Amino acid sequence: MFAVGVNDIADVEIDKISNNNRPLIKGEVSVKELKEYNLFFFVWSLAGGFVAGHYALFMIGVFTSAYYIFSSSLRLKRLPIISTFLISIASLSAVLAGFYITSANKTIEAFPISYLALIIIVFTLGANLKDLKDIEGDRAEGIKTIPALLGKERGKMAVGFLVGLAFLLVPILMGLKILILPSALAAIGAYSLINHEPYLERKIFLLYIVYVVVSFVLVAIF
């Protein structure tokens with residue numbers, strides 16, 4: 001929630017153009033109030049990390065730092081792929097927080113390198129999805145996302161390809177043949193949904209959740 005709040009404040013001008021249903025744009029909350037909420041959520045997250053242990057606390061710090069840099073640095077936002085790489089770092093830190101809470105081995109080597117590569121690569125590719133709803137606003141602010149650079153139609157095709165590729169890389173990076181078919185179906189489904197009109201982001205998230213559940217069941221059984 002701290003990351004969301006920081007991003008909303010940083011993206012006011014963008015959201016006025018292409019995402020005007022945000023609470024800050026609709027006047028449901030002021031910038032001053034949102035900053036107060038941000039402080040509460042920031043302190044609450046650190047308190048949670050402290051209770052969970054210093055490994056979790058450190059990873060929460062990495063997560064918060066990555067998202068803060070992503071949200072507040074317009075210079076980095078102007079570079080395609082770099083901004084989604086920061087999201088992948090935040091995603092990795094969330095996974096590592098849970099891993100080191102439950103793992104008896106607290107060394108860096110304990111976390112499988114294939115999982116690290118999976119999270120970094122897949123989320124760097126897939127997170128470009130977030131830019132489809134902000135094309136006009138990003139263009140106005142000079143932010144060079146893939147959709148803003150290529151235009152709506154070609155941008156959707158490019159993002160659809162990247163999201164589909166992210167799904168296809170899962171069985172390759174994890175070495176799990178059982179996931180080849182669901183990954184291929186998810187890749188085709190994601191590309192189709194992204195390039196379908198009207199585009200609805202929630203359908204992609206639903207597909208993602210179904211894919212995760214199906215993959216978990218298949219790996220558990222086979």
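These legends accompany close-up views of a predicted model.

**View 1. The length of helix α13, residues 201-221.** Let's start with a quick check on geometry. At 1.5 Å a residue, the 21 residues of α13 should span 30 Å, and the C-alpha atoms at its ends lie 31 Å apart, which agrees.

**View 2. The buried and exposed residues of α13.** Which residues of α13 are buried? They are Ile-204, Leu-207, Tyr-211, Ser-215 and Leu-218. Around the axis they cover an arc of only 65 degrees, so they sit on the same side of α13. On the face turned away from this buried side you will find the exposed residues Arg-202, Leu-206, Phe-216, Ala-220 and Ile-221. The buried residues of α13 pack against two helices, α11 (152-174) and α12 (180-194).

**View 3. The largest nonpolar core, with 24 residues.** Within this core, the residues that touch the most other members are Leu-129, Val-163, Phe-167 and Ile-194. Two or more residues come from each of α8 (113-126), α11, α12 and α13. Which of these elements gives the most to the core? That is α11, with 8 residues.

**View 4. The surroundings of Ile-194.** Leaving aside residues up to four places away in sequence, Ile-194 touches Leu-129, Leu-132, Lys-156, Val-159, Gly-160, Val-163, Tyr-199 and Ile-204. Two of these names may look familiar: Leu-129 and Val-163 also appear in View 3, and Ile-204 is one of the buried residues of α13.

**View 5. Another core, of 8 residues.** Apart from the core in View 3 lies this other one, and its members include Leu-92, Ala-97, Tyr-100 and Ile-120.

Terms used: Residues are numbered from 1 along each chain as its sequence is written. This is a predicted model: local features need pLDDT of at least 70, side-chain atom pairs count only at pLDDT 80 or more; totals for chains, interfaces and linings use all residues. Side-chain values use heavy atoms; hydrogens and water are left out. Helices (H or I, at least four residues) and strands (E, at least two) are DSSP runs, numbered from the N terminus. The expected span of a helix is 1.5 Å times one less than its number of residues. Buried means under 20% relative accessible area, exposed over 50%, partly exposed in between (1.4 Å probe, protein chains only). The arc is that of the directions from the helix axis to the C-beta atoms. Contact means heavy atoms within 4.5 Å. A nonpolar core is a set of buried Ala, Val, Leu, Ile, Met, Phe, Trp, Tyr and Cys residues joined through side-chain atoms within 4.5 Å.
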